[in-house]
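Hi everyone, thanks for making time this morning. I'd like to walk you through one structure, so please have a look at the screen.

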Amino acid sequence: MLCFSILCAFNSKLPGSPDPTRKISFNEDWQFFLGDSVTADKTGSWRTLNIPHDWSIEGEFKKDNPAGLSGGYLPGGTGWYKKKFKVEDSTKLTSIKFDGVYMDSEVWINGHYLGKRPNGYISFEYDLTPYLNYNDTENEILVKVDNSKQPNSRWYSGSGIYRHVWLNITDKLHVSNWGTFVTTPVVNKDSAKVHLEIELENKYTSAKDATVKTTILKDENSIISEISDLLINPSGNRTISQSLWIQSPELWSAQKPEMYIAQTDILINDEVVDSYRTPFGIRTFEFDLDQGFLLNGEQVKIKGVCLHHDLGPLGAAVNTRAIERQLEILKEMGVNGIRTAHNPPTPELLDLCDQMGFIVMDESYDMWNHTKTDYDYANSWDEWHKKDLEDFIIRDRNHPSIFIWSIGNEIQEQWNEQGVKTTKELKAIVRKLDTTRPITVAMNPPVNMPDADVTTQFDASQVSKNPIAASGELDLIGYNYAHQTYEYHQKNFPETPFIATETTSGLQTRGFYEFPSDTLKIWPVRWDIPFDGGNPDHGISAFDQVRVPWGSLHETTWKIIKKHDFLSGMFIWTGFDYIGEPTPYSWPSRSSYFGVVDLAGFPKDVYYMYQSEWTNKDVLHLLPHWNWKEGQMVDVWAYYNNADEVELFVNGESQGVRTKQGDDLHVMWRIPFSAGTLSAVSRKDGAQVLEKEIKTAGKPFTLKLTADRENIQADGKDLSFISVEVIDENGNLVPNANIQLNFSVKGQGKIVGVASGDPTNHESFKGSSHKTLNGKALAIIQSNNEPGTVELIVSGEGLKSKKININTE
């Protein structure tokens, strides 16, 4: 199959067009074995699967799994991958590129050892050419992945070749891997200068007279070209520069992320022998001491979230549609920024951020050479950190979505002079490769402060500065938490702009509520003291009333950030719940409570607070549900915008009008419960803006299935996310329904994930049965390679079963 596709690609090549053989997906039909020794080949225990693959997500949740609570109590181990393939053309160069393998990977081709890469997040490439067999003789690639030494992470890492694998086939004269660097040193409304540094590699044994032609494309239309004629010496590299001017450039922004492509063709005797495409954007930006963040000359508040790399029930295995769905949900909330917490992300995330308009803080390390867990990356720091940082910057520096480089998160050395030395070293590495973006470290915090309740005014004169923050080496002062100090930033750091690299850490379980709602709960009491409080079922109120001791409530930090222009923006911890780190609890909780959106992708109530603040769309959101004991005192909150007031009704009887006072972000009523209809009306200048209602639900009767997309591609990768709601006979969501559901499919697809957002559920995400959390669950359907229909059937005891069809095209 691979051999055939390569031949077709060669035959379809047209002069001047991109060479389609340059990057071939190498994901299909790998053999996998989970075990310590490759001799298992003799047992027949290998199974066929496609990459990306995460074997940990297939395992059982067990309290004694060595990854522990940070790793979500899922297993690690050692895995082996192998694949056979043929290559026809011995005149070409062939390399293999891994976007990421977790972790300690080693690779062999036809028995020849290619190397080891400890970092589980970095992308890397090996040249296969010297060891290949050609024509009808097969080649075998073998990959060992060792994730057996645990704990090695502070969150769920996944295990395996969990990102894409590519086979690169090029002429012996070609643009190097990640061999272009595009900058736009001059930008105004009339024109923009596009400057390219292009690294060329000549593996021929003789010098080559070549023409290098770069064409700027917009929507596949040619705008302008630059041509360079040069002699390239044998067996060596050469970097050339080209500059082109674009008239009336269309600028990249979060609202309108305009993209261009620089296509670099190498020609010998007027024949294109290599073609390399570099997407890029044109924009100007700066972080200003007084005005915060300026994008294309306009002040923009960064409204960001931190994201870990797992995709909930899909685990760490990369799927482009799953990432896109996450970003769509966040865009709808009003998010315009992403922090890649705390390691190099998959390239697909950055591509989507380019295309969808997100301001990215790209982060390289969670630790330097002091460990946070026994077997983490610090053990490989001395040998690998320079190479990994160089590859990280070179791989990502053309993305217009990236505005900040973060070279560390909460690193142990931040409070001593060793941290300053390392900061200088890492900064020098980055600056050698990219001078266009500011560098920061996410510090917790940049200043020391006396112990004080969040309501106590902070005295800036009492702070002592973090040595890294005080060193003058950073372009941005990165604050993890410490919101009490934000308003004093200009006094503490009068020469360096501000960014809140990590904020909040509020805690909620979707659909779970406790009263009274206006009392603050700090769980745990302190980060280093085991938590023995909370609720027996490990639920946490979905009102914005519970936070960790080092963080804040959601409303608290945003009120500060929105108040001051010089505060450029924030990245909330976190956008989505993630597997592992179930603060404040431990077993049986196995995933986090931090997300504004739960692990299944269902928004929690605080999502609508941000939506009312971060978007211009009309918002009116009521919480909680309306199923309580008769006469019980219930707190009702409303998040709203674009209105002066909200009036609340129970069964048509007014409960009064509420208006936000001062810097309030919600309004509240405390009223006795009476079954029926809870409704609210928001008004602007006396005219109705929105009306919302919640009805008391009866007993569970049937299910409601809603697909995010009813038509997907029949490519074996595309996904449809199907929300399942338990409803009563009148169609109302039953908000306290925790019912076991069974899932099955017919037709051209399969179930690849089930979830509910419950942090305590130990059922497999890869199973065919899952219990709802507060009336909701999720099924993820993946197409196969045949067009047709996938039918999902969902049933539960005592419920009418439901079906939904997804078309694969």
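I'll talk about the enclosed spaces first and then about one small sheet. Please keep in mind that this is a predicted model.

Let's begin with the empty space. Rolling a probe the size of a water molecule over the atoms shows where empty space is left. Here that gives us 4 cavities of 30 Å³ or more.

The largest cavity holds about 220 Å³. It is lined by 20 residues, and the ones closest to its centre are His308, His309, Pro345, Thr346 and Leu349. If you follow the lining outwards in the viewer, you'll meet helix H2 (320-333) and strand S22 (337-340), each of which supplies at least two residues. What is the chemical character of that lining? By class, the largest cavity is lined by 10 nonpolar, 7 polar and 3 charged residues.

Now for the second largest cavity, with a volume of about 110 Å³. Its lining has 15 residues, and Ala67, Gly71, Gln150, Trp155 and Ser157 sit closest to the centre. The classes here are 6 nonpolar and 9 polar, with no charged residues in the lining of this second largest cavity.

Let's move on to the sheet. Three strands make an open, antiparallel sheet, in the order S18-S19-S20. Strand S18 (285-288) and strand S20 (298-299) are the edge strands with a single partner each, so one side of each has no neighbour in the sheet. Between S18 and strand S19 (residues 292-295), the antiparallel pairing runs over 4 bridges. For one you can find on screen, look at phenylalanine 287: its bridge partner in S19 is phenylalanine 293.

That's my tour, and I'm happy to take questions!

Notes: Residues are numbered from 1 along each chain as its sequence is written. This is a predicted model: local features need pLDDT of at least 70, side-chain atom pairs count only at pLDDT 80 or more; totals for chains, interfaces and linings use all residues. Side-chain values use heavy atoms; hydrogens and water are left out. On a 1 Å grid over the protein atoms alone, a cavity is a set of points where a 1.4 Å probe fits but cannot get out, and a pocket is an open set with protein on both sides within 12 Å along at least five of seven lines; lining residues have an atom within 4 Å of a point. Grid points are joined across faces, edges and corners, and a volume is the space filled by probe spheres set on the points. Ala, Val, Leu, Ile, Met, Phe, Trp, Tyr, Cys and Pro count as nonpolar, Asp, Glu, Lys and Arg as charged, and the others, Gly among them, as polar. Two strands pair if DSSP finds at least two bridges between them.
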